[in-house]
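Take a moment to look over the sequence and the fold before reading on. The paragraphs below go from single residues to the whole chain.

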Amino acid sequence: MRILNEYVPDPRVIDPSELMRPEIGFADKELKAFRDYTIDKDDPLKERVRLTYLQMHTYQTVEFVRDRMDHWLKFDTFKSPIMDALVRLNELVDESDPDADIPNIVHAFQTAERIRADYPDDDWFHLTGLIHDLGKVMAFYNEPQWAVVGDTFPVGCAWANSIVYRDSSFHDNPDGKNPKYNTKYGMYKPNCGLENVMMSWGHDEYLYRVLRHNNCKLPERALYMIRFHSFYPWHQGGDYDYLCSSKDLDMKEDVMLFNKYDLYTKSSKVPDIENLKPYYQSLIDKYIPGLLEW
């Protein structure tokens, strides 16, 4: 089931520093400089990120997520092929990301091309890298960025310690005062499986649902990567395994592999997007063809 190739013989123990090989020339800063969420109100980028998470952690409640699912999962907002939706990300800068201040379409091609360099034969993986953030198109339809971007977390149970800004941003979230939701398991049962857990609303869950609705042909592991790539408290923080099924824990290895490419390829170096489009369009035609309902 695992991807193998001559460069990364065991993807479960991939070394992130390998993603910065000089002959590839992607990420242009040290590993420890990524995901810096220190609070500095005099730094405009850090303050933008903090305020985005403050709103997210205040308003992402069980009631809010149910409302957003009811709204978006009718799939009647717009119709678009994958590439047209991707091009729209040229107009979007992710306000939750401390590592990128460039249009999201650039990040999409950076991720895809770095995966392609290491896994030339796994075209589904290339396409997964390209489209993983496409759910962010919600931002063009009156959805605030705090309900589109950023790390995700389960609603309806206690917030884990590894959540970004955990101690300073949840004070006004009403679910924290609700005994149905503020315990370790909250409204869930132990090892109920992530498919039965309601995540904070954002681009991961939305794109996953769009792909399922439109009968996408990507393998299940690709859909796991898309659905949970922003679930940092789980795949990097070590929290919430107690909600997971054995299948989730197995798939976690794939999500962690994908995360290295999602995170450490962010840089100021811009791929030649126009020249790359024909190749990726061929993958779209193979796995997610035609006009999709969003």
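A residue is called buried when its relative accessible area is under 20%, exposed when that area is over 50%, and partly exposed when the value lies in between. The structure shown here is a predicted model, and with these cut-offs its cysteines can be placed. Cysteine 192 has a relative accessibility of 21%, so this residue counts as partly exposed, whereas cysteine 216, with a relative accessible area of 16%, is buried. Which cysteine has the sulfur closest to that of cysteine 192? The closest cysteine sulfur belongs to cysteine 244 and lies 8.4 Å away, which is too far for a bond. A disulfide is a covalent bond between the sulfur atoms of two cysteines. Here a pair of cysteine sulfur atoms would have to lie within 2.5 Å to be counted as a disulfide, and by this rule the count comes to zero.

The chain as a whole can be described next. Eleven helices and two strands make up its list of elements, and from the N terminus on they run in the order α-α-β-α-α-α-α-α-α-α-α-α-β. Of the 294 residues in the chain, 55% are buried. Among the contacts with a separation of 6 or more, 79% are between residues that stand 24 or more positions apart.

Glutamine 60 shows what such contacts look like for a single residue. This glutamine is found in the loop between α1 (44-59) and α2 (62-72), and is it buried or exposed? Because its relative accessibility is 1%, glutamine 60 counts as buried. If its neighbours within four places in sequence are left aside, glutamine 60 is in contact with Val65, Trp146, Ala147, Phe153, Val155, Asn173, Ser200 and Trp201.

Aromatic rings also bring distant parts of the chain together, and the structure holds 23 aromatic pairs. One of them is formed by phenylalanine 64 and tryptophan 146, whose rings are tilted, with 5.1 Å from centre to centre and 40° between the planes. Since phenylalanine 64 lies in helix α2 and tryptophan 146 in the loop between α5 and α6 (166-169), this pair ties together parts that are 82 residues apart in sequence. Both phenylalanine 64 and tryptophan 146 are buried. Phenylalanine 78 and tryptophan 294 form a stacked pair, with 5.4 Å between the ring centres and 10° between the planes. Phenylalanine 78 lies in the loop between α2 and β1 (79-80) and tryptophan 294 in the segment after β2 (292-293), so the pair ties together parts that are 216 residues apart in sequence. Phenylalanine 78 and tryptophan 294 are both buried as well.

Rings can also gather in groups or meet a charge. Tyr185, Tyr224, Phe228, Phe231, Trp234, Tyr240 and Tyr242 form one aromatic cluster, and the charged end of lysine 184 sits over the ring of tyrosine 242, 4.5 Å from its centre. In a similar way, the charged end of arginine 88 sits over the ring of phenylalanine 140, at 4.4 Å from the ring centre.

The last stop is helix α11 (residues 273-287), which has 15 residues and reaches 20 Å from its first C-alpha to its last, close to the 21 Å expected at 1.5 Å a residue. This helix bends by about 30° at tyrosine 279. The buried residues of α11 are Ile273, Leu276, Lys277, Tyr280, Leu283, Ile284 and Tyr287, and they pack against α3 (82-88), α4 (104-118) and α5 (123-131).

How values were computed: Residues numbered from 1 in each chain as written. Predicted model: local features only at pLDDT ≥ 70, side-chain atom pairs only at ≥ 80, totals over all residues. Heavy atoms only, no water. Buried < 20%, exposed > 50% of the residue type's maximum accessible area, 1.4 Å probe, protein only. Contact = heavy atoms within 4.5 Å. Helix = DSSP H or I, 4+ residues; strand = E, 2+ residues; numbered from the N terminus. Expected span 1.5 Å × (residues − 1). Bend = angle between axes of the 7 residues up to and from the residue. Phe/Tyr/Trp six-rings, centres within 6.5 Å; stacked < 30°, edge-to-face > 60°. Lys NZ or Arg CZ within 6 Å of the ring centre and 35° of its normal.
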